[in-house]
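Please open the structure in your viewer and keep the selection tool at hand. The tour below goes from the whole chain to a few chosen places.

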Amino acid sequence: MVTRNRPRGELSRALKLIAAQNRQIEALRTQVQRLRAARGDGSDELWETFRLSPFLLRLLVLLERSEYVSPDAIAKELGFNSDPRIAVLRLRRKVAPWGVKIEVARGLGYYLSPEEKKRLRSIVRSGVRTA
């Protein structure tokens, strides 16, 4: 009789452990959602849509939030040691399938026109993932 109860006890402990782990997972998910909402930069939605590397994602967010972004600003703010033109070229290739165009103004830097920023937001809102 002792041997019959022993597996039930182990099963009961295992189920309790699983339940506790599920509660922890849910608490962590809630915490992540709060942190994302507090950050509010929209980078998660951009990443989900465009599947960019972390660097290109930061560059896209910088372009979206700025009027103009000079090559020096890319190097300084994003810590890019190579030629910033290469990073912009890579980003252009990644967002081109959606029709998003990154333009350049001589002497000012790279930019997304207001129409392109609007297009970018509508693509993200639409929930379309990778073209």
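How many helices and strands make up the secondary structure of the chain? Colour the chain by secondary structure, and you should find six helices and two strands, where helices (H or I, at least four residues) and strands (E, at least two) are DSSP runs numbered from the N terminus. This is a predicted model, in which local features need pLDDT of at least 70 and side-chain atom pairs count only at pLDDT 80 or more, while totals for chains, interfaces and linings use all residues. Residues are numbered from 1 along each chain as its sequence is written, and side-chain values use heavy atoms, with hydrogens and water left out.

Follow the chain from the N terminus, and its elements run α-α-α-α-α-β-β-α. Of its 131 residues, 30% are buried, meaning under 20% relative accessible area with a 1.4 Å probe and protein chains only, whereas exposed means over 50% and partly exposed lies in between.

Next, select Leu-11, which sits in helix H1 (residues 2-39) and counts as exposed because its relative accessibility is 52%.

Now select helix H6, residues 114-126, whose 13 residues should span 18 Å at 1.5 Å a residue, in agreement with end C-alpha atoms that are 18 Å apart; the expected span is 1.5 Å times one less than the number of residues. Its buried residues are Glu-116, Lys-117, Leu-120, Ile-123 and Val-124. They cover an arc of only 125° around the axis, which puts them on the same side of H6; the arc is that of the directions from the helix axis to the C-beta atoms. Turn the view to the face away from this buried side, and you meet the exposed residues Pro-114, Glu-115, Lys-118 and Arg-125.

Finally, select Gly-127 just after H6, which takes a positive phi of about 80°.
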